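Here are some exercises to work through with the model open on your screen. Try each task before you read its solution.

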Amino acid sequence: MAFRILSRVCTLSHGPKSSQTAFSALSSAGSLKVEHDRRNQRFTVTAGSSTADNECGVLKYRFTGEKEVDLMSTFVPETYRGHGVAALLSRAALDFVVEENLKAHVSCWYIKKYMKEQPQQKYKDFVIT
């Protein structure tokens, strides 16, 4: 199982100055990597290398203020649904909100579901209801 990233690949980096940040996790599908593409305001998931253009999980967000973001949508190709890909994207986006000390509107139904199923106080404190 493999996903192709639609943005450029970078090395693992941390900190607010980096243009991209990568997170990694292990699932039943193998090693999955979440990449943060700050320029295009999205997180993407990849697993290994693939040549398929449309096999990429994506979470999109947008800034609605200087320190506010809207977590707008997640998309996972049907082939890879049910493997925890959307959960990895959601966790990465929420961790980004916490690390950057942002406030988040959550428009995406899946992220709302994820937060309900994974009730972590650190996320709740950063979400605008």
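**Exercise 1. A salt bridge across the chain**

Which residue's side chain meets that of E100 in a salt bridge?

Solution. Before starting, note that this is a predicted model, in which local features need pLDDT of at least 70 and side-chain atom pairs count only at pLDDT 80 or more, while totals for chains, interfaces and linings use all residues. Residues are numbered from 1 along each chain as its sequence is written, and side-chain values use heavy atoms, with hydrogens and water left out.

- Step 1: apply the rule, which asks for a side-chain nitrogen of Lys or Arg within 4 Å of a carboxyl oxygen of Asp or Glu.
- Step 2: the partner is R38, with an N to O distance of 3.2 Å.
- Step 3: place the two residues. E100 sits in the loop between α1 and β6 (103-106), and R38 in the loop between β2 (30-37) and β3, so the pair links distant parts of the chain, 62 residues apart. Helices (H or I, at least four residues) and strands (E, at least two) are DSSP runs, numbered from the N terminus.
- Step 4: check the accessibility. E100 and R38 are both buried, where buried means under 20% relative accessible area, exposed over 50%, and partly exposed in between (1.4 Å probe, protein chains only).

**Exercise 2. More charged pairs**

Find what D37 and K122 each pair with, and follow the contacts onward.

Solution.

- Step 1: D37 forms a salt bridge with R42, and their closest N and O atoms are 3.7 Å apart. D37 and R42 are buried.
- Step 2: the side chain of K122 meets that of D95 in a salt bridge (3.7 Å, N to O). This pair also links distant parts of the chain, with K122 in helix α3 (residues 121-124) and D95 in helix α1, 27 residues apart.
- Step 3: K122 is partly exposed, at a relative accessible area of 42%, whereas D95 is buried, at 13%.
- Step 4: through shared partners, salt bridges join R91, D95 and K122 into one network.
- Step 5: the total count of salt bridges comes to seven.

**Exercise 3. Strand β3 and its neighbours**

Describe how β3 is enclosed, then trace the pairing onward through β4.

Solution.

- Step 1: five of the five residues of strand β3 (residues 42-46) are buried, so the strand is largely enclosed by the rest of the structure.
- Step 2: in a regular strand the side chains alternate between the two faces of the sheet. In β3, R42, T44 and T46 point one way, and F43 and V45 the other way.
- Step 3: β3 pairs with strand β4 (residues 57-65) in the antiparallel sense over four bridges; two strands pair if DSSP finds at least two bridges between them. Opposite V45 stands G57 in β4, and opposite F43 stands L59 in β4.
- Step 4: β4 and β5 pair in the antiparallel sense over seven bridges. Here Y61 stands opposite L71 in β5, and a hairpin joins β4 to β5 through two residues.

**Exercise 4. Helix α1**

How many residues of α1 are buried?

Solution.

- Step 1: helix α1 covers residues 85-99, which is 15 residues.
- Step 2: 11 of its 15 residues are buried, leaving the helix mostly covered. Among them are V85, L88, L89, D95 and F96.
- Step 3: from first C-alpha to last, α1 reaches 21 Å, close to the 21 Å expected at 1.5 Å a residue; the expected span is 1.5 Å times one less than the number of residues.
- Step 4: just after α1, N101 takes a positive phi of about 55°.

**Exercise 5. The lining of the largest pocket**

Which residues lie nearest the centre of the largest pocket?

Solution.

- Step 1: T74, V76, R81, A86 and Y110 lie nearest the centre, out of 14 lining residues.
- Step 2: β5 (68-75), α1 and α2 (109-117) each supply at least two lining residues. The most come from α1, with three.

**Exercise 6. The whole chain**

Place these elements in the overall layout.

Solution.

- Step 1: the protein chain has three helices and six strands.
- Step 2: along the sequence the pattern reads β-β-β-β-β-α-β-α-α.
- Step 3: of the 129 residues in the protein chain, 45% are buried.

Note on methods: On a 1 Å grid over the protein atoms alone, a cavity is a set of points where a 1.4 Å probe fits but cannot get out, and a pocket is an open set with protein on both sides within 12 Å along at least five of seven lines; lining residues have an atom within 4 Å of a point.
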